[in-house]
Each structure stands twice: as structure tokens, then as C-alpha cells.
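Thanks for coming. I have one structure to go through, and I will take it element by element.

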Amino acid sequence: MASEAEVLDELRRLRARVPQLTGALAAGVDGLVLAQDTPGIEPERVAALTVTALGVAMRMADATGQGDFRELLVRGVYGYVATYAAGRGAVLTVLAQDRVNIGRLLLEGRRTGARIGELVDAEAAATAEAAERADPAPAKTTTARTRTARAPRTTATTNARTTTES
């Protein structure tokens with residue numbers, strides 16, 4: 001995946017642009033933490049819960065005909081948890097105080113999610129390309145198929161009796 005330092009820089013820039021954020025975390029869609037800036041919170045637990053919520057949100061969007069998942073916003077008594085799609089392989093989760101400007105949170109979260117998605121997807125593409133170069137798939141060889149004549153079917157006639165018991 002993308003360099004942890006690059007993703008962490010994006011998380012820190014997000015927190016600088018939205019001062020009411022209390023934490024930010026980028027995770028793979030498999031639940032592994034890519035980078036985190038979440039003081040006082042267990043990042044692995046948040047990543048696991050994020051992936052669970054992501055699954056439910058994706059099914060909800062699909063079942064209601066709203067298209068692909070983009071973001072999820074949860075409001076609690078003390079603040080917000082927002083999750084954003086970050087490319088094909090990652091999600092961004094941010095934690096914010098209750099007094100955050102929601103419009104700013106959504107705008108900056110979307111932008112940061114897009115940048116993290118670009119980093120993660122580019123790294124995944126480069127890794128796949130390198131693996132393909134290192135172990136290229138064997139060239140397909142095609143052999144001409146020929147038909148062979150079949151022997152005619154022979155049907156054996158037997159005198160089979162069936163009985164039923166009454």
C-alpha cells in the first residue's frame with residue numbers, strides 16, 4: 001500500500017485545515033491501518049469498526065439505488081465520525097468535535113479521501129505491475145483441435161422385465 005508517511009502527511013494536513021478534528025485514520029478495505037493520527041483511541045479497533053460500517057453503508061446505498069458508497073456521517077452526543085471512500089482500496093475516517101462546521105468537514109474530508117485514494121491506488125497499481133514484470137504469465141499456446149471419427153453406437157437390446165408388487 002501507499003507509504004505510511006505520505007498518508008500520515010495527508011491526515012495531518014487535514015487536521016490543520018479543520019482544527020475541530022480530534023483524530024483521523026486511513027485504513028485498507030480489509031481493516032488494516034495504513035496511517036493514523038488518533039490520540040487516545042485504539043486505531044485497530046476504529047479501523048475494524050470502519051470496515052464493518054463500510055459494509056453496511058455499501059449495502060444500504062446499493063439496496064436503495066443510490067450508487068457506489070461515497071461517505072458516511074454519524075453524529076453522537078459529543079461529536080461526529082465521518083467515513084469517506086478513498087479510492088478502491090482504502091477508507092478515511094475522521095473524528096470531530098460537536099462544534100465542527102459540517103460543511104467544512106465534508107468538503108475537506110472528501111478532498112483528503114480523494115488524495116489518499118490516489119496514493120493507495122497508485123501504489124497498488126505499481127505493485128501489481130512490478131509483480132507482473134517479475135513473473136509474467138506464460139504465453140498461451142493454442143493447439144489445433146482435430147476431430148476423430150467416432151465408432152457408431154451400438155445398442156444392446158435386453159429383455160428386461162419390470163414387476164410391481166401389488
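The buried residues of helix α1 are covered by, among others, strand β1 (21-28), strand β2 (33-37), strand β5 (90-97) and helix α3 (102-134). I should say at once that this is a predicted model. The buried positions in α1 are Val7, Leu8, Glu10, Leu11 and Leu14. Looking down the axis of α1, these buried residues fit within an arc of 155 degrees, so they line one face of the helix. The helix itself runs from residue 4 to residue 17, and at 1.5 Å a residue its 14 residues should span 20 Å. The end C-alpha atoms of α1 are 20 Å apart, in agreement with that.

One of those buried residues is charged, so let me stay with Glu10, which has a relative accessible area of 7%, against a cut-off of 20% for buried. What does the Glu10 side chain meet? It meets the side chain of Arg115 in a salt bridge, 2.8 Å from N to O. This pair links distant parts of the chain, with Glu10 in helix α1 and Arg115 in helix α3, 105 residues apart. Arg115 is partly exposed, at 29% relative accessibility.

There is a second link between these two helices. Glu108 and Arg17 meet through their side chains in a salt bridge of 2.6 Å, N to O. Here Glu108 is in helix α3 and Arg17 in helix α1, so parts 91 residues apart in sequence are tied together. Glu108 counts as buried, at 5% relative accessibility, while Arg17 is partly exposed, with a relative accessible area of 25%. Arg17 and Glu108 also belong to a network of salt bridges that includes Arg104 and Arg111. The count of salt bridges comes to 9.

Next, the start of the sheet. Strands β1 and β2 pair in the antiparallel sense, over 4 bridges. One of the pairings puts Ala27 opposite Val33, its bridge partner in β2. The two strands form a hairpin with 4 residues between them. In that turn, Gly31 has a positive phi of about 95 degrees.

Within β1, consider Leu21. Is Leu21 buried or exposed? At 4% relative accessibility, Leu21 counts as buried. Leaving out neighbours within four places in sequence, the contacts of Leu21 are Leu14, Arg15, Val94, Leu95, Ala96 and Leu105. The C-alpha atom of Leu21 is separated by 9.6 Å from that of Asp98, 77 residues away along the chain.

Asp98 has a salt bridge of its own, with Arg75, where the closest N and O atoms are 3.4 Å apart. Asp98 sits in the loop between β5 and α3, and Arg75 in strand β3 (residues 71-76), so the pair ties together parts 23 residues apart in sequence. As for accessibility, Asp98 is partly exposed at 33%, and Arg75 is exposed at 58%.

Now helix α2, residues 43-63. With 21 residues at 1.5 Å each, α2 should span 30 Å, and its end C-alpha atoms are 30 Å apart, which agrees. Which residues of α2 are buried? They are Pro43, Val46, Ala47, Thr50, Leu54, Ala57 and Ala61. Down the axis of α2 they fall within an arc of 90 degrees, so the buried residues line one face of the helix. That face packs against β1, β2, β3, β4 (79-86) and β5. On the other side of α2, the exposed residues are Glu44, Arg45, Leu49, Thr52, Arg59, Met60 and Ala63. After α2 comes Gly65, with a positive phi near 75 degrees.

The last residue I want to show is Thr93, in strand β5. At 2% relative accessibility, Thr93 counts as buried. Its side chain is joined to that of Thr83 by a polar contact of 3.3 Å. Beyond its neighbours within four places in sequence, Thr93 touches Gly23, Ala24, Leu25, Val46, Thr50, Val81, Ala82 and Thr83. Two of those contacts, Val46 and Thr50, are among the buried residues of α2.

That is where I will stop.

Conventions:
Residues numbered from 1 in each chain as written. Predicted model: local features only at pLDDT ≥ 70, side-chain atom pairs only at ≥ 80, totals over all residues. Heavy atoms only, no water. Expected span 1.5 Å × (residues − 1). Buried < 20%, exposed > 50% of the residue type's maximum accessible area, 1.4 Å probe, protein only. Arc of directions from axis to C-beta. Contact = heavy atoms within 4.5 Å. Pairing = 2+ DSSP bridges. Polar contact = N/O pair within 3.5 Å; in protein donor to acceptor, adjacent residues only side chain to side chain. Salt bridge = Lys/Arg side-chain N within 4 Å of Asp/Glu carboxyl O.
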